[in-house]
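Trainee: Please take one part of this model and look at it closely. I would like to follow the packing of its helices and the layout of its sheet.

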Amino acid sequence: MRIAYTSDLHVDISQRNWELVPYLAEVVKIVDPDVFVVAGDISPEIGDLEYALDCFANLRSLKLFIPGNQDVWVLSEDMQSLGHDSYEKYYFYLPEACRRNNFVPLWMEPTVYGGVGFVGSIGWYDLGPGTEVVPSFSREHHYLLDSIWNDMRWACWADISTMVEGRPKPVKRPDSEVAREFNLRLDQDIEAFALDAGVREIVVVTHYPPFPEMSLEGMPFCGSRELGDILSSHRKVTVSISGHIHSRHDVVVGGVRAVRCPVGYLRREHRRYQELVKECLEVIHLIEGEDFLGRHPR
Ligand SMILES: [Fe+2]
Ligand SMILES: [Fe+2]
């Protein structure tokens, strides 16, 4: 089975990002994978997101999407105070947008294809905002710092118990609680496939990286360690596909091959689209009965 993956299309960030997507879709069509995965961060605007998903309309592949932090932002404090929050996007608007464009909303609908179970979640992080920010945060990767500050403002996981009339704003739940909630649900979805004799192995798609080993050198880990522990504890989990950090990565941690292949911000990137596309798409092969990693029973 051939799985092609990308992430972080960020079509709202620059015209270059917007215009790259049809080129990317052309290449995916030529590669013709069995499964095509987009691991989050297309745009906070649902219309933009649908534009990007629609670019892949002509693929024969099974198409899977999970949202990134920027996809769940609610970009208006007025809307937030009216009770519109990231849960609403995560559980209602984004799944609807996926279904309209023939993408499986993987965080809502774990899927089995050819004996491989696919599960997904945004992931989230359990660090306090702004913690462990190291002075060596290079300019190139400053977006990670911006992301923390923007999440504080625009990601709004509301505590519904505080959404009472007359209150100016809903109270946001702490990131650690949000991460735990999503981790728990993902663990349950993996467990269901772990017990399913028809599922040979499991591929987990998250936006945030599951392992600290996927961080950029010298940078703090911007994920949840609990997520990595969950992946490593399930013997059938063989592959993790993630996004968020705008650099490619391919590493084996705790018996899991953890990969990402993002587009990132292309504002200052002037190469031809045909050249750029080669760096934003990767293919992983799963071969039945083969175990290239030599995993030990966990
Ligand atoms: Fe991103
Ligand atoms: Fe992100």
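Mentor: What follows starts with one helix, then turns to a helix pair and a sheet. Keep in mind that the model is predicted.

Start with helix 2, residues 46-54. Which of its residues are buried? Leu-49, Ala-52 and Leu-53 are. These three span an arc of only 95° around the axis, which puts them on the same side of helix 2. The general rule fits here: an α-helix has 3.6 residues a turn, so residues three or four places apart point the same way. What do the buried residues of helix 2 pack against? Their partners are helix 1 (15-31), strand 3 (62-65) and helix 4 (86-100).

Now the helix pair. Helix 6 covers residues 175-194 and helix 7 covers residues 225-233. Their axes lie 10 Å apart, at an angle of about 5°. With angles under 35 degrees counted as roughly parallel, helix 6 and helix 7 are therefore roughly parallel to each other. Helix 6 brings Asn-183, Leu-186, Asp-187 and Ile-190 to the contact. Helix 7 brings Glu-226, Leu-227 and Ile-230. By class, that contact has four nonpolar, one polar and two charged residues.

Last, the sheet. Strand 3, one of the partners of helix 2, belongs to an open sheet of five strands. The order is 4-3-2-1-11, and the pairing is mixed. Strand 4 (104-105) and strand 11 (282-285) stand at the edges. Each has a single partner strand, so one side of each is left without a neighbour in the sheet. Further in, strand 1 (residues 2-6) and strand 2 (residues 35-38) run parallel, joined by four bridges. Ala-4 has Phe-36 of strand 2 as its bridge partner.

Terms used: Residues are numbered from 1 along each chain as its sequence is written. Chains are lettered from A and ligands numbered from 1 in the order in which they are written. This is a predicted model: local features need pLDDT of at least 70, side-chain atom pairs count only at pLDDT 80 or more; totals for chains, interfaces and linings use all residues. A residue is buried if 20 or more other C-beta atoms lie within 10 Å of its own, exposed if 12 or fewer, and partly exposed in between; C-beta atoms are placed from the backbone. Helices (H or I, at least four residues) and strands (E, at least two) are DSSP runs, numbered from the N terminus. The arc is that of the directions from the helix axis to the C-beta atoms. Two residues are in contact if their C-beta atoms, placed from the backbone, lie within 7 Å. Axes are lines fitted to C-alpha atoms, for helices over the stretch in contact, and angles run from 0 to 180 degrees between N-to-C directions. Angles under 35 degrees count as roughly parallel, over 145 as roughly antiparallel, 65 to 115 as roughly perpendicular and the rest as oblique. Ala, Val, Leu, Ile, Met, Phe, Trp, Tyr, Cys and Pro count as nonpolar, Asp, Glu, Lys and Arg as charged, and the others, Gly among them, as polar. Two strands pair if DSSP finds at least two bridges between them.
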